[in-house]
Amino acid sequence: MRAHTGSALVVVLFSFLAGCGDSAPAGHDECRQDADCDDGNACTWERCNPDRTCRIFQIDAAVECDDGNDCTADSCDPATGCVHDGTGVQLDCDDGNACTALDICQGDLLGTCAGTDISADCDDGNACTADSCDPDTGCVNDGRGVHLACDDGDACTEQDFCLGDRAGTCAGTDVSADCDDDNPCTADACDALLGCLHDGTGVLDGCDDGEPCTSGDACQGDAAGTCLGAEPTDCDDGKPCTLDACQPGHGCVHDGTGVTIACDDFNVCTHDDTCRGDAAGTCAGTFDDPRACDDGNVCTVDTCDARLGCVHDGTDILSACDDGDACTQGERCQGDEAGSCAGGQARDCDDGNPCTADGCDPASGCTHDGTGLTGACDDGDVCTQNDHCLGDAAGTCLGLDATAVLCDDGNDCTTDSCHPVRGCRNDLMARNHCFPHFMGVYPPRGATLQGDLSNPVITVRGRVLSGAGPIEELRIDGELVSTDAIGMFSHPVSARVGGNELVLEATDSFGSTRRRVQAFLFSNSFRRPDPEESPPDMVPRGIGIWLSQEVLDDSVREQPPDDLATIFEMVLDDLDLGSFVDPSDPIAQEAGYNIYLTSLRKSNATASLTAISGGMRVRAAFTGIEGDLVFDCPCSGIFCDCWWTGGDSTGGVSMNSVTVTANVLLAVNADHSLAVTVASPSTSISGLDVWSDYWWTDILLSVVESFIRDSLVSDLEDELNDQLTGQLAPMLQDALSALAFDESFELPRLDGSGDTIPIQLSTDFAFTDFDPAGGSIGLRATALASGPPSYDNLGFPLRSGCGAGSQVLVVPGADSFELVLADDTLNALFHAAWYGGLLDFPIPPELLGDIDLSAYGIEDLTLALSGMLAPTAGDCYADGALRIFLGDLRLGVSFRFQGMPIDLVVWATATMGLELALADGEIAIVLTGFEQIDTELEVVQDDLVGLVDLIGTGFDDLLVDALMEALNGGQLASIPLPAIDLHAAMPELPPGTVIALDPQRVYRTDGNTIIGGGL
């Protein structure tokens, strides 16, 4: 048996005490007026009889309570009166709206009648009316004010337009005149239905049929308006080398293709004239041999005239000629028509050789004989002294070699020699000390320099020498730098935050130039994460997370979840409210009873999260709650506190809902863990119902119902407030603490082996910042890999606002969910990869591609790469573009060149474009091409140093370009976006429940890469 507390229970109890009867209400002996007869039943009306007795009449609910609504069931409740309840009623009805049909009761409590909207049926198909539906009158089709394009159905109009009148008239512009088809053989007209008509019946006028191969064209008088010609066209061109014809649609055609008959080209200088068979119908002969007209006289021009034949003309020819006398010279043509040659002078036979006697023979020309001549002379060799004639017929002159005396320059770095014409030569010896070389340069290679950002200047200093001669010019990064007497130099260089290159170039007095290429990293602060150190160095604000209000709670509960509130609701749905109940602790003590709540159950749970300043407002609601009660009557000996009742009892409690609200405030502890505190918690209970299973405690409940209800609500609210908010803080702390993620991934090695470098990206909390729009969470970050590397330095430079001294982690809050990667974190990843050996490996030959090194004389090639500095990304350039800097790459090279063993060291420093993009749900690190590469070549063997100039440029470009091509123009690596495992933090959630970013776009702001998307 289950008896509910309330007014009905009280009435029943009072009726039992008063006895039975219906002539007067309980507690009244007589009545004086109708009001004295009120029985408390709203479904009766009462009258006081003349004999002062009450008469009570039951009302007819079907009449008195009829509300005129077909969608409600009308009845009467003794406690409240007429009741109109439409629940479950689904009869036909009329909602009074002319714009609906198939009206039916909706079955709701209020008895709503609603129909299907038929406004769309008001479309009258006329584009010139606005169609609508009036709930009172029905469809309305009104064309007033409508001025749209339309179709009036008349084929002889166009540009039809609504006139805007009530009837929705459509009218257009008459275009009958446009029916002229320009055919003189047709009569043109326009029909409203058929449109333009063209009829040539009976038309016999002159016309042009468009055919050039006919003449005398005339209309044929048929319906189609045909025009035809009567006679063919004459196309004869009178040429034997063409075939003449008339081509329909084109006209006369004269084609000589294939015609090869004899003809006459009317040229006496040709023979065997024949048609050439070309399309133009050319007639041509073979020209006679030009030698047939050659008269052998250089003073005439020999030609052939097409009409006259051979012609020989010397007119105006004044060129040199030969009169046949070997002892004359300078003869010239006289320019007369006959072509005469005359005017020669005696030839000069002096050969300028003092060792010969000179003469002339008219038949053979000049003679030179040195027999017996022994005087002084000059042999033309600047490297000899004491030259004299030898007296031989050839007139030879010979001197004594004086190279050792004339060409010694006193320089140990040169080899002295003499050339007979050019004279002395002093060639530089190929030794390292005989070329410009640098010593004690600061900063050294692979330097990491920590400096003052307000004055970002470093002083480059050192010494430059050349054994061949003094240094004529020294440039550092293109600027001219002076040196002292012993080659010392000092020069200030502006440094940028991040990677910097130094190029030192020196030229000595011999014109020999050598360069030194090196690099350094600069900032006011560095980080050097080391897996052996605990805790490792971290980027202070390395990663940002933005959680918009939509990500916190989008008010939609669907699977898979895309907001935190849905996930939180999943946890609450599994929450056991019974765990909050202590069955040994009474929730109330009334009328001698201790009342215990022994269990508590729910049917559903909902949650909402709202961003507020400093955190979130959390609302958790539990519905359909039931529990079990025990009414314990404590006894002492034979006496019980509630002996006058029936003793112990049981019962139950139900609640429509329990709602918990609290402000969850977020902060970061000193140890960089997340601090979650609950402020202003509040728990409220609605729809409480309490019952007993036995009549004696039922009576107790009816008597003291209000007090027990208030006490029970208060006690339950206090207990649930303590229990729920006590669990709420650690629950949310576990969930939100998972945002500080640890992500393991692998970067591919660059040696082509397919091996990878394991990287561990670790974070903890730096700050939180919440307002009503959402929340920003900043994380410290570091990246670690096993090592250590071959070089020790300060690590990677912090961006520090590109010199402003303060780096800001920008979290724009422009997308629902954002992950912000600071450039410092990107460099932490690069540093970890470098630490793990990214730039230290032997280079397999296949990494160089398909280059045939043997074509360059190179054999037995081995290479090994070693990077002294970690790759460093940065945007601290004038254009703000993101680039990656590779500094002091050392490439050790051994090979045989034309059989000689050679060892080289190539130093390379490069700047490449860098782009962070989305690829398959990860952050792709894409190299977009080289912007600058500088190299330096060293030959280890001192006696082969000359090969720097011989093979340096070609080999340098070949080897470095091939190596860099392996890095260029593609995806270097990809970083997986973190998937935050909520199951690990909150085991109540199903395995695999993670917070993962659904990326939609990538962009950059002030040294930060923002990946925006949803959850």
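**Exercise 1.** Place Ile 612 in the chain and find which residues Ile 612 touches.

*Solution.* Begin with the element: Ile 612 belongs to strand β46, residues 604–612, where strands are DSSP runs of E with at least two residues, helices are runs of H or I with at least four, and both are numbered from the N terminus. The model is a predicted one, in which local features need pLDDT of at least 70, side-chain atom pairs count only at pLDDT 80 or more, and totals for chains, interfaces and linings use all residues. Residues are numbered from 1 along each chain as its sequence is written, and side-chain values use heavy atoms, with hydrogens and water left out. Next, list the contacts (heavy atoms within 4.5 Å): leaving aside residues up to four places away in sequence, Ile 612 touches Arg 617, Asn 663, Phe 770, Asp 771 and Pro 772. Finally, take Phe 770, which is 158 residues from Ile 612 in sequence, although their C-alpha atoms are 6.3 Å apart in space.

**Exercise 2.** Determine how Cys 99 is linked and what the link ties together.

*Solution.* First, a disulfide (a pair of cysteine sulfur atoms within 2.5 Å) joins Cys 99 to Cys 133, with 1.9 Å from S to S. Then, with -110 degrees about the S-S bond, this link of Cys 99 and Cys 133 is left-handed. Because Cys 99 lies in the loop between β5 (81–85) and β6 (100–105) while Cys 133 lies in strand β8 (residues 130–134), the pair ties together parts that are 34 residues apart in sequence.
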